[in-house]
Amino acid sequence: MSFLRNLRNWLDERLEWDDLIAPLRKKTVPLHRLSYWYFLGGITLFLFVIQVLTGILLLLYYRSGANEAFESVQYIMTRVRFGWLIRSIHSWSANLMIFTAFAHMFSVLFLKAYRKPRELTWVSGVFLLFLVMGFGFSGYLLPWNTLAFFATKVGTEITGQVPVIGKPLMIFLRGGEEVTGATLTRFFGFHVALLPGITTLLILLHVLLVQRLGMSIPPKLEVQWTANPSEKREMKFFPNFLLRELMAWYAALGVLGALAAVFPWNLGVKADPFVSAPAGIKPEWYFLFMFQTLKLIPPKVWFIDGEVLGVLAFGLVGLLWLLLPFFESDQPSHMKRWITGLSIFALAYTASMSVYGYLAK
Amino acid sequence: MAILRNELRPFSGARYIGLTGFVVLAACLGYGQTTNSCLDCHSALPDPLGVTQEKFSQDIHAQKGLTCASCHGGDPTSDDPDKAMSKKAGWKGEIDRKQIPELCGSCHSDPAYMRQFNPSLRTDQLGQYHTSVHGKRFAAGDTKVAVCTDCHSVHDLRAPSDPRSTVNPLNVANTCSRCHADADYMKGYSIPTDQFAKYSASVHHQALAVRGDLSAPTCTTCHGNHGAAPPGVDKVQNVCSNCHAFQAQMYEKSSHKKAFEAASLPGCVVCHSNHGISHPTDAYLGTGPDAVCMRCHTPGDHCDQARAGLQSGLSQLDEAIKSADQVLRVAESSGMEVSEARLGQDQARDSLTKARVTIHSFRKDLVDQDIQAGLKTAAKDLQAGKEAMVERNYRRFGLGISLIAIGMVLAGLRLYIKKIES
Amino acid sequence: MTADQLPQPESTRRRVIGIFLGSGLLASFASFIYPVLRYLVPPAVADLGGDEIVAAKLTELKPNSGKIFRFGNRPGLLIRTASGEYRAMSATCTHLSCTVQYRDDLRQVWCACHNGRYDLNGRNISGPPPRPLEGFEVQVRGDEIFVRRRREA
């Protein structure tokens, strides 16, 4: 223990360590029956760190390029010692992270933690959600197998439906008119450089804001506790909540290891651009709700092409989602109920559409 | 508003210019099409005199510019039936069946004539026909046998490459069966009428009609088309050897060839049948209902023992491949990567196929070579599969260890939290 | 209760926690670090087995002979023609996927299953095969013969 104390003194003399972490020491976490939801943000961050670490390890052996990508992943899975473990953890953690990101977003939504003064935290968070889905989309192509190839083809095709900017955007994403090895190189660049760079900055902002503004308390409880301060129950962030978070993170590690060992991620078949798309091609599960919606829109609505309408609608929804906190101000309570209703609808819609999309042929 | 009127000065030459123009126009439209006035009436007549324009337009002769008169004689440019169908114009009327081969041959056996239309078309069909069973019987006066029009159709005759043609490989069996599967029609001839039924159940038909493999044989592949005749008892394996070269080579050097020839048995057909050829199985070498060896050989003689040896070799390899496949399948579904072993399995299966082909030499030593090669590969793959399973178990064991360690940490953290909060 | 009895449950508790945490952390860290350390060590086989492979050594093939080699997940055929040139192509027959072979007597590629034949460029010239064999590029480097797939433009 004295070693740790010496270390702390050393850091304090050079970094003013104690002053730095003083706010952390003061930080508290409100305790109520919905407190467990506070874990989600931390788990998402943890999984992101896992992604970065396993990603860096994969970079030691992965080669991007239509001629080598699939073979390099095959090499990692079969020849590199514990390559199967690193790669499977990377794939599983990616899916889990997207899931916890969505869950985190919905929990913030229902607990109304986006209210003033936390609007910017929400905005940065929604951007992070988009970035995380971008990570998923770009990373999925990198093994260069048939499913990924055609999922990318369909996905970028849909992007091309956006009026005016759609086509140039699609060409930018694909690195050309079609999905080729150039697309792979480009997606690799997005996945390991561009997206991580932006994401890191946004995460720093997001976490900084959370630290400075403290944890939000659900509205009803806030009213209650302001009236009777003695009823307020909280826990110190450091060390109590942090220790619990560490438990959650450790448990997540166990889950990841188990998934990787018992359900290793498969390789698929190497992509062949000249083969026709397999029947019933679907995107990854986190895009299913959008994909299924597009499939259900009739080919022509009024005079507008159905798919264009769908893409525009999702764009609009995304924009509104981003600006959600600014619609709810302190005054009109009917607005609050609207937003609550909308939140329930959004959750029900994404969940049911995802299930529908999964089960549909 | 004043209506402007074009004032044309009367120009009497106009009507002649119009008429000439019309004739020129008609001539331009009609360019390349020879007049075939026969169809004007005959398209409306009932059978057997009826030939519609639509039907005749499908005919390759019509497409090349020939008319009804090319075969039937007469004057196709005249609209007057008496003139069109006059003896003076060479009118032949309905062509008698006995005259059909020579009539068709009058053009199709003339290389100089055929060169104008399709220089690469053969011109020996009539000559071949004369050597065929149909041709020989025809020469002897039998009019029931097939002549050109029976197979090729008439008035809507299509090139063999056209999928709708009666002589397209996909349709040949149907065309032959029109007579050969008709028991009443074939009464009086000493050949069976079950060939089409048997062929339709065969593996060759499956390949041709179902899988669309145009290299698979139909009636004419083995019997010839114009020179159609059964290959002859001692020539059967020559026919089969065109595709099944390896088996035929083995058979040529085997003991069975001499034996079958001496007994006038038709080679390959003895074991594999001719029309109803099904996919051979290892049971051919057995003693059950599918057994072919035991149809001739006596149980207990040294041939029977050799047969048993061959069969056991094949089934040994088959079993080895199957058990390796089984292990590899389990390993793969547990997430292990076994693609190299799977490739090895392909090689092992190739060895088994080779062994099955080598059976036709009827020599155990040769068959054993292939069996042993296959067994070695299958054993290697089985080993790879087992190693994959070991690796899989090792992974789960490692997982178990790490989960225990993680569990300990979780328990420790829990206790620590309890302690600092008490 | 005496003074030295009070701290005892406390110290045992601390020891238990210490054991759990300490050994647990050590063991779990080991189970994380060990795979990573082994991962970092490059495997013996550095060849990806991908688009390029050493099919044979320079002295291996006599003129007018062929060799089957593994290329990715399928067999390939390397031929040294009578004039000494090297040709490489897929060895999977386009008819029913049997493995073809080089026939030095015919100077052609032959499929034993149904007597299909291909010329030295892989073009199907006789028998059932409906399509040519996919050709590969051959490059001789030093004493090794490399075969690789035709690069996409």
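How many disulfides does a search of the whole structure find over all chains? In this predicted model, the search finds one disulfide over all chains, and the cysteines that form it are C:Cys98 and C:Cys113, with their sulfur atoms 2.1 Å apart. The torsion about the S-S bond of this pair is about -100 degrees, so the disulfide is left-handed. C:Cys98 sits in the loop between β4 (86-90) and β5 (101-103) of chain C, while C:Cys113 sits in the loop between β6 (108-111) and β7 (116-118) of chain C, so the disulfide ties together parts that are 15 residues apart in sequence. C:Cys98 counts as buried, at 14% relative accessibility.

Chain B holds cysteines to be set beside this pair. B:Cys68 is in no disulfide, and the nearest cysteine sulfur, that of B:Cys38, is 3.8 Å away. For B:Cys219, the closest cysteine sulfur is in B:Cys176 at 3.9 Å, which is too far for a bond, because a disulfide requires sulfur atoms within 2.5 Å. The relative accessibility of three of these cysteines is listed below.

| Residue | Relative accessibility | Class |
|---|---|---|
| C:Cys98 | 14% | buried |
| B:Cys68 | 17% | buried |
| B:Cys219 | 23% | partly exposed |

Apart from the cysteines, the surface carries a nonpolar patch formed by A:Leu60, C:Leu25, C:Phe29, C:Ile33, C:Leu37 and C:Leu40, which together have about 560 Å² of accessible area. One of these residues, C:Leu25, is placed in helix α1 (residues 7-40) of chain C, and with a relative accessible area of 34% C:Leu25 is partly exposed.

Methods
Residues are numbered from 1 along each chain as its sequence is written. Chains are lettered from A and ligands numbered from 1 in the order in which they are written. This is a predicted model: local features need pLDDT of at least 70, side-chain atom pairs count only at pLDDT 80 or more; totals for chains, interfaces and linings use all residues. Side-chain values use heavy atoms; hydrogens and water are left out. Helices (H or I, at least four residues) and strands (E, at least two) are DSSP runs, numbered from the N terminus. Buried means under 20% relative accessible area, exposed over 50%, partly exposed in between (1.4 Å probe, protein chains only). Patches are made of residues with over 30% relative accessible area and no salt bridge: like charges are joined within 9 Å, nonpolar side chains (Val, Leu, Ile, Met, Phe, Trp, Tyr) within 5 Å. Accessible areas come from the Shrake-Rupley method with a 1.4 Å probe; for residues, only the protein chains shown count as cover. A salt bridge is a side-chain nitrogen of Lys or Arg within 4 Å of a carboxyl oxygen of Asp or Glu.
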